[in-house]
Amino acid sequence: MAAAPILEVESLNVAIPVPAGTLHPVQEVGFRVTRGHTLAIVGESGCGKSLTSLALMNLLPPRAARTAGRLALDGQDLLGLSEREMADIRGNRMSMIFQEPMTSLNPAYTVGDQLVEAERRHRRTSVTAARDRAVWLLEKVGMTGAGERLRQYPHQLSGGLRQRVMIAMALMCDPDLIIADEPTTALDVTIQAQILHLLADLQREFETGLILITHDLGVVARLCDRVAVMYAGQIVEEGTARQIFRTPAHPYTRGLLDCIPIPGKTRRGAHLGTIPGIVPSLVGSMPGCHFADRCPHASGACRSGPIAFRDGAGPGHRYRCVLSLPSGPARPDPAP
Amino acid sequence: MSGAALIEAREVSCTFTVSGGFMKEKRRLQAVSRVSLRIEPGEVMALVGESGCGKTTLAKMMMGLIAPSEGTIEIGGRPLASLPRMEIARSVQPIFQDPYSSLNPRRSVGSIVTQPLRVQKDPDPETWRRRAEEMMEFVGLPQRLFNHYPGQLSGGQRQRVAIARALVNRPRMVICDEPTSALDVSVQSQILNLMQDLRSELGLTYLLISHNLAAVEHMASRVAVMYLGRIVEEAKTGRLFDSPCHPYSEALLGSVLTPDPTLGIPDTQLGTSYPNPLDVPPGCSFHPRCAKAMPGCSVRAPRRVPAPGGGAVACHLHDEGAALDTVS
Amino acid sequence: MEKAAPMVSLPAPEPSPAALLRRRIFGHAGLLIGSAVLIAIILTALLAPWIAPHDPYDQVLDRKLIPPVWSDGGKATWVHPLGTDHFGRDYLSRLIWGARISLVIGFSAMLISGVIGTVLGVLAGFFGGRVDMVANFLITTRLSMPVVLVAIAVVSLVGSSLTVVIWVLGLLIWDRFAVVMRSATMQVRNLDFVAAAQALGCSKSRIVFSEILPNIANHLIVVATVEMAHAILLEAALSFLGLGVQPPEPSWGLMISEAKGLMFFDGWLIAIPGTALFALVLSINLLGDGVRDVTAPGGV
């Protein structure tokens with residue numbers, strides 16, 4: 001198995017000037033994505049997960065400034081690239097799938113035109129060849145009558161079908177990495193399962209790296225190999241899905257997992273866990289742990305300075321907290 | 001059938017006319033078709049189904065916001081159509097999905113929470129502020145927010161304002177249309193806890209509309225599954241989640257993603273698309289997507305029959321009189 | 001990218017809407033300049049009897065066509081800072097009194113058209129269906145009528161006066177109000193707080209007045225400024241054609257019209273009322289743009 005990472009990110013920061021000072025929505029974020037594997041970036045709204053993905057693609061709003069220690073795609077440094085060179089990588093070697101497929105497809109062009117254009121923007125292929133690939137990919141993403149679909153406009157498709165078109169479009173140039181930002185949030189649960197199934201299958205088949213940005217812990221647990229939990233601009237815990245869901249170490253991760261009712265584990269009608277308080281303002285600098293104000297275990301040590309990562313339960317598991325690892329699995333395995 | 005239901009829908013249908021486009025024939029969209037639903041006092045009745053299945057239309061009819069094209073709705077044994085607007089408003093109140101659009105941005109929190117008292121021309125204006133503040137405290141909103149505007153509040157706080165507004169007149173029934181799906185996970189649990197507390201303390205009855213099936217299983221006492229405007233299965237929560245009878249319920253429950261890393265993505269066995277509600281398949285409207293469809297399913301619409309284990313189901317698989325040659 | 005939006009809204013308590021509005025107003029140069037100029041013109045118009053140095057109708061034929069003080073001809077005098085016209089009337093006084101006419105016509109025509117357009121637009125947007133069809137028909141009918149030609153026809157039938165000009169303009173320029181109010185109402189109408197008000201038992205009129213109108217008022221103000229500027233320009237155009245305000249009233253459009261024969265010899269006769277008209281319309285438009293900016297979503 002090729003263990004070489006397809007994407008390496010180290011100390012990624014985003015700063016946005018606002019009237020009250022400087023907003024730091026992404027702080028010291030670092031992770032690696034391996035070919036054929038899925039990394040989930042999970043967190044609540046405002047944690048910086050979407051801006052992280054936009055920063056990777058260099059699609060931040062104009063006022064926002066991006067800095068990073070390292071940002072490399074398949075060994076190639078992306079930091080020094082000009083906008084023109086970056087534009088050639090976007091949609092070609094790195095593609096993105098957005099939450100709302102209706103707004104990311106152009107309503108004025110047919111599905112076929114957009115798929116063909118997605119490839120011909122980056123490759124010198126003939127229209128016929130691109131069209132053939134589009135048909136092949138539409139069949140791959142499970143659309144019946146792919147030849148007919150090419151002539152349809154986005155509004156003639158249902159939400160689930162549009163998302164399939166978006167996935168096909170993301171695959172047109174055979175990218176090394178796909179970033180999917182809440183790809184199933186706008187869809188019904190039944191369609192969600194189908195789309196996720198499809199993403200997992202295709203990603204395995206095409207050996208791409210996949211970054212899944214989501215707030216849905218169920219999706220994360222079922223689909224992803226590795227999970228990075230973000231809170232208030234920082235990654236607070238990172239590990240394999242099993243480590244995160246079985247032996248969560250950071251108080252935020254544990255709190256988040258207690259908030260969702262789990263059939264068979266949570267007693268029906270019982271009170272669910274809550275995380276009191278609100279997300280801190282990310283304007284200006286915050287020396288200590290960002291979660292300290294909401295954390296039941298917070299002490300003076302949490303607020304004095306930057307919190308370093310500690311090693312967690314197994315290889316590759318780390319969390320940003322002063323506490324040592326909680327004893328025993330926080331979430332026992334379900335009764336057989 | 002015992003005593004008086006708090007609210008009961010009898011064979012209600014709702015049909016909209018949809019313009020087919022310029023110079024085209026108008027088409028009829030049957031959003032809800034012949035639905036009967038009975039909600040007893042103190043219950044938490046959940047309505048689940050994919051978007052476009054008619055759950056919201058049914059809820060709007062139960063609040064008197066849309067008149068049913070056929071059938072009747074009764075509140076406490078009296079037909080809703082004959083009740084004055086104000087009286088319906090006193091018994092049934094909604095909580096909406098999106099707390100960003102359900103609060104008028106130009107009104108202060110205090111004005112929003114006292115609005116029901118003003119509209120109902122409550123006889124003691126001098127008590128309005130005190131009662132609104134009590135209700136705000138009850139739903140966990142600090143009183144200092146009384147003069148704030150929705151724009152200054154977080155999503156969770158806004159949803160609490162919406163709940164306070166719904167409850168200040170002490171309705172008996174609250175219709176919650178996706179009350180947590182626009183909120184963050186950590187806020188969702190707070191709102192669900194609050195709804196549980198309010199129910200036991202104020203003796204409320206809920207109609208909970210949600211696609212978050214984990215939340216439904218946690219909150220509801222009974223569940224009705226809707227598909228294309230019809231209720232296809234209705235049962236106590238435990239029974240429905242343990243052993244769903246209708247193939248659609250089974251597929252729907254099977255697609256719930258519990259956060260368990262040892263399980264993969266379920267295969268729902270449903271065809272790709274939800275049918276166009278303007279063009280409802282004949283017979284059982286679910287048959288084109290059904291993994292257990294039989295030849296008769298595309299011809300005859302199923303009857304509503306008692307389901308094994310309690311509740312009711314509308315499926316030929318469970319209708320002995322209709323289909324004895326079932327392949328399991 | 002829109003993804004950035006939720007980030008900024010999160011950092012805990014935001015300032016109150018009033019404070020936020022104040023901060024936005026004082027940070028908006030266009031709005032401040034526009035309001036300052038407009039207030040100055042309104043004050044001038046209100047105080048015309050006291051600040052105008054001469055009677056605007058007083059003809060002194062031996063002092064006609066005195067150039068303004070900054071010109072180098074020997075006739076320029078501080079008695080008539082902006083000079084006199086071809087009848088020897090003091091140009092500054094006429095300009096000051098003329099501001100009244102422009103403002104009165106602009107404001108009244110805007111009020112009349114605002115009432116018609118808003119009622120029509122809100123009804124169409126709120127009720128939809130047949131009401132909307134009728135309203136759309138009326139709007140389309142109105143849009144197919146050329147304003148100036150209809151105005152000429154009406155004025156030639158009933159004669160011209162200030163009142164006639166106000167009514168003609170008021171009855172002709174309500175279309176933009178109707179179109180904007182209709183779409184704004186449709187947007188607000190579908191928001192959940194309107195459904196919540198319905199579920200509370202609010203009557204339709206209560207919903208329109210206390211839920212919808214406050215939320216579309218900012219659009220209304222913006223259109224009102226645009227239409228006021230529009231009416232002022234139309235009045236000038238009608239007066240220029242001799243169909244608006246009649247001599248010897250000192251309307252800016254009429255002043256330009258009266259000076260058109262002398263355009264090549266005494267250009268300032270046209271430049272001065274022209275500049276005044278330009279300043280007034282610009283200030284109103286700046287104000288409108290400013291109001292739109294400071295009340296844009298995210299503001300309150």
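Start by selecting chain C: among its contacts between residues at least 6 apart in sequence, 72% join residues at least 24 apart. Keep in mind on this tour that you are looking at a predicted model.

**Stop 1: chain C as a whole**

With chain C still selected, switch to a cartoon view. You will find 13 helices and zero strands. Follow the chain from its N terminus and the elements read α-α-α-α-α-α-α-α-α-α-α-α-α. If you line the view up with the principal axes, the C-alpha atoms of chain C fill a box of roughly 75 × 50 × 35 Å. Colour the chain by accessibility next: 47% of the 300 residues of chain C count as buried.

**Stop 2: where chain A meets chain B**

Now hide chain C and show chains A and B together. Select the residues in contact across the two chains, and you will have 44 residues from chain A and 41 residues from chain B. The size of an interface is often given as the accessible area lost when the parts come together. Here chain A and chain B bury about 3,700 Å² between them, and 59% of that area lies on carbon and sulfur atoms.

How many salt bridges are there between chain A and chain B? The count is one. To see it, select B:Asp260 and A:Arg246, whose closest N and O atoms are 3.2 Å apart. Polar contacts are worth a look too: 15 residue pairs, both at pLDDT 80 or more, make them between chain A and chain B.

Stay on the chain A side and pick out its helices. Those giving two or more residues to the side that touches chain B are helix H8 (189-206), helix H9 (217-223), helix H10 (241-246) and helix H11 (251-259) of chain A. H8(A) gives the most, with eight residues. Colour this side of chain A by residue class and you get 21 nonpolar, 14 polar and nine charged residues.

**Stop 3: a look at the cysteines**

Select the cysteines next. How many disulfides does the structure hold over all chains? There are zero. A disulfide is a covalent bond between the sulfur atoms of two cysteines. Zoom in on A:Cys289: its closest cysteine sulfur is in A:Cys302, 5.8 Å away, which is too far for a bond. A:Cys289 is buried, with a relative accessible area of 18%.

Then move to chain B and centre on B:Cys297. The closest cysteine sulfur to its own belongs to B:Cys284, and at 5.8 Å it is too far for a bond. B:Cys297 is buried as well, with a relative accessible area of 9%.

**Stop 4: an arginine in chain A**

Return to chain A and select A:Arg162, which sits in helix H7 (residues 159-171). Is A:Arg162 buried or exposed? It counts as buried, because its relative accessibility is 13%, under the 20% cut-off. Show its side chain and follow it to the backbone oxygen of A:Leu157, which it reaches at 2.8 Å.

**Stop 5: a serine in a chain B loop**

For the last stop, select B:Ser108 in the loop between strand S6 (92-95) and helix H3 (109-119) of chain B. B:Ser108 counts as buried, at 13% relative accessibility. Which residues does B:Ser108 touch, not counting residues up to four places away in sequence? Show B:Phe146, B:Asn147, B:His148 and B:Tyr149 to see them. Add B:Leu145 to the view: B:Leu145 and B:Ser108 are 37 residues apart in sequence, while their C-alpha atoms are 8.8 Å apart in space.

Technical notes. Residues numbered from 1 in each chain as written. Chains lettered and ligands numbered in written order. Predicted model: local features only at pLDDT ≥ 70, side-chain atom pairs only at ≥ 80, totals over all residues. Heavy atoms only, no water. Contact = heavy atoms within 4.5 Å. Buried area = accessible area lost by both parts, 1.4 Å probe. Salt bridge = Lys/Arg side-chain N within 4 Å of Asp/Glu carboxyl O. Polar contact = N/O pair within 3.5 Å; in protein donor to acceptor, adjacent residues only side chain to side chain. Helix = DSSP H or I, 4+ residues; strand = E, 2+ residues; numbered from the N terminus. Nonpolar A, V, L, I, M, F, W, Y, C, P; charged D, E, K, R; others polar. Disulfide = S-S within 2.5 Å. Buried < 20%, exposed > 50% of the residue type's maximum accessible area, 1.4 Å probe, protein only.
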